[in-house]
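Reader: Hello! Could you walk me through this structure, beginning with one unusual residue and then moving on to the ligand?

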Amino acid sequence: MESEMFNALVVEKDEESGKTSAAVKGISDADLPEGNVTVAVEYSTVNYKDGLCIGPGGGLVRSYPHVPGIDFAGTVEASEDDRYKSGDKVVLTGWRVGEVHWGGHGQKARVNADWLVPLPNGLDTRQAMAVGTAGFTAMLAVMALEDHGIKDGPVLVTGAAGGVGSVATAILANLGHEVAGVTGRPETADYLKSLGATQIVAREEINETTKRPLEAETWDGCVDAVGGEMLARVLGQMKYGASVAAVGLAGGAGLPATVIPFLLRGVNLLGIDSVMQPYENRLRAWERIAKDLPMDKLEAMIQPATLGDLPKLGADILKGQVKGRVVVDVNA
Ligand code: NDP
């Protein structure tokens with residue numbers, strides 16, 4: 001069978017200078033990596049990790065040329081696995097797709113059937129990618145907080161105007177929680193309120209506290225997308241027995257904290273990993289997303305994009321300049 005050409009964002013590395021460059025190119029089925037399901041990708045997104053993979057790689061990309069895109073949604077074109085047949089709608093997050101395996105920043109992807117889930121009822125492929133890995137992770141974080149019990153007081157969301165933060169804010173508010181969104185961008189206050197935040201907290205208000213191990217007991221839960229100084233300060237502001245779901249490190253990988261909040265306030269620090277989630281957990285989280293995330297709020301988060309926009313958007317997300325969720329129509 002003749003190989004069909006299609007477009008993809010291809011990241012290449014110049015061996016001499018060590019520099020990487022990304023451009024949309026025509027590639028063929030024959031170029032795709034091994035896998036037992038070929039998907040006609042419809043939508044993909046830009047997550048923080050995509051920024052790293054489109055740019056210098058940061059150790060995530062193992063070999064070049066590389067097609068980034070840590071998530072995608074589309075229609076099965078060919079399958080050698082009994083679980084999927086041609087025409088099925090599917091969604092993929094995690095499993096290091098877009099990092100070590102070619103991902104969703106192209107019009108086709110070939111992957112292992114184990115990494116896919118069927119598109120949940122109630123979501124189309126565009127909505128699924130408006131959620132994407134960031135939103136999926138936000139749901140995992142909310143579920144982890146629920147497993148440990150969230151009381152009636154305010155729940156803090158850090159990095160609130162970003163992808164994880166936006167979806168976490170909308171889900172928590174829709175579930176009836178009082179949500180306080182921390183942002184370094186005061187101009188996003190109206191946007192965050194439209195997602196359901198009732199309190200907007202300036203980034204400095206958290207980072208520039210007394211830096212004592214314990215501050216006033218303030219929050220009944222937290223979804224933290226920022227890490228670093230922010231997470232350290234938040235730990236000391238949690239109410240007795242409350243939990244923090246730590247999702248990301250947009251503000252740094254260090255943790256300048258003490259053990260005091262754990263010892264004297266029984267605070268739980270819950271690590272959230274979206275990459276290696278087993279099939280049942282992924283299915284459960286996607287079903288909860290379809291049920292608990294209001295679609296009008298999801299619409300308000302969307303910034304539409306094309307494959308050609310990806311190099312700039314990849315750089316923007318690393319600088320914390322993307323608001324909400326970028327949805328890439330790979331066929332536009
Ligand atoms: P975004 O860039 O969309 O959002 C991050 C937000 O963090 C920014 O919008 C900004 O929010 C805030 N921020 C950025 N830099 C700083 C800083 N220096 N200090 C304080 N706040 C800052 O990224 P995502 O939401 O997609 O991802 C957030 C993090 O979660 C990333 O580290 C990502 O790698 C991680 N992640 C982890 C996953 C997992 O499986 N554990 C899955 C998905 C993402 P604002 O402007 O409102 O202050």
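**Backbone, ligand and salt bridges**

Author: Happy to! Trp 95 is found in the loop between β5 and β6. Please keep in mind that this is a predicted model.

Reader: What is the phi of Trp 95 near?

Author: Most residues other than glycine have a negative phi. Trp 95 has a positive value although it is a residue other than glycine. Its phi is near 60°.

Reader: Which residues does a cis peptide bond join?

Author: Most peptide bonds are trans. Here there is a cis bond with omega of about -5°, and its proline lies in the loop between α1 and β4 (71–79). The two residues joined are Tyr 64 and Pro 65.

Reader: Now the ligand, please. Which residue places a polar side-chain atom 2.7 Å from an oxygen atom of the ligand?

Author: Two other contacts use the backbone: Gly 162 has an N or O atom 3.5 Å from a ligand oxygen, and a polar backbone atom of Val 164 is 2.8 Å from an oxygen of the ligand. The side-chain atom at 2.7 Å belongs to Ser 274.

Reader: How much of the ligand does the protein bury?

Author: The ligand sits in the largest pocket. Taken alone, the ligand exposes 910 Å². Of that area, the protein buries 88%.

Reader: Which element gives the largest share of the shell around the ligand?

Author: The shell divides into 13 nonpolar, 11 polar and 3 charged residues. Those that come nearest among the 27 are Thr 183, Gly 184, Arg 185, Ile 272 and Ser 274. The elements giving two or more residues are α2 (125–148), α3 (163–174) and β9 (179–183). The largest share, 3 residues, comes from α2.

Reader: Last one: how far apart in sequence are the parts that Lys 49 and Glu 99 tie together?

Author: The count of salt bridges comes to 19. In one of them, Lys 49 pairs with Glu 99, with the closest N and O atoms 3.0 Å apart. Lys 49 lies in helix α1 (residues 48–54) and Glu 99 in the loop between β5 (89–93) and β6 (108–111), so the parts tied together are 50 residues apart in sequence.

Key:
Residues are numbered from 1 along each chain as its sequence is written. This is a predicted model: local features need pLDDT of at least 70, side-chain atom pairs count only at pLDDT 80 or more; totals for chains, interfaces and linings use all residues. Side-chain values use heavy atoms; hydrogens and water are left out. A residue is near a molecule or strand if one of its heavy atoms lies within 4 Å of it. A polar contact is a pair of N or O atoms within 3.5 Å; within protein, one must be able to donate a hydrogen and the other to accept it, and residues adjacent in sequence count only if both atoms are side-chain atoms. Accessible areas come from the Shrake-Rupley method with a 1.4 Å probe; for residues, only the protein chains shown count as cover. On a 1 Å grid over the protein atoms alone, a cavity is a set of points where a 1.4 Å probe fits but cannot get out, and a pocket is an open set with protein on both sides within 12 Å along at least five of seven lines; lining residues have an atom within 4 Å of a point. A molecule sits in a cavity or pocket if more than half of its atoms lie within 2 Å of its grid points. Helices (H or I, at least four residues) and strands (E, at least two) are DSSP runs, numbered from the N terminus. Ala, Val, Leu, Ile, Met, Phe, Trp, Tyr, Cys and Pro count as nonpolar, Asp, Glu, Lys and Arg as charged, and the others, Gly among them, as polar. A salt bridge is a side-chain nitrogen of Lys or Arg within 4 Å of a carboxyl oxygen of Asp or Glu.
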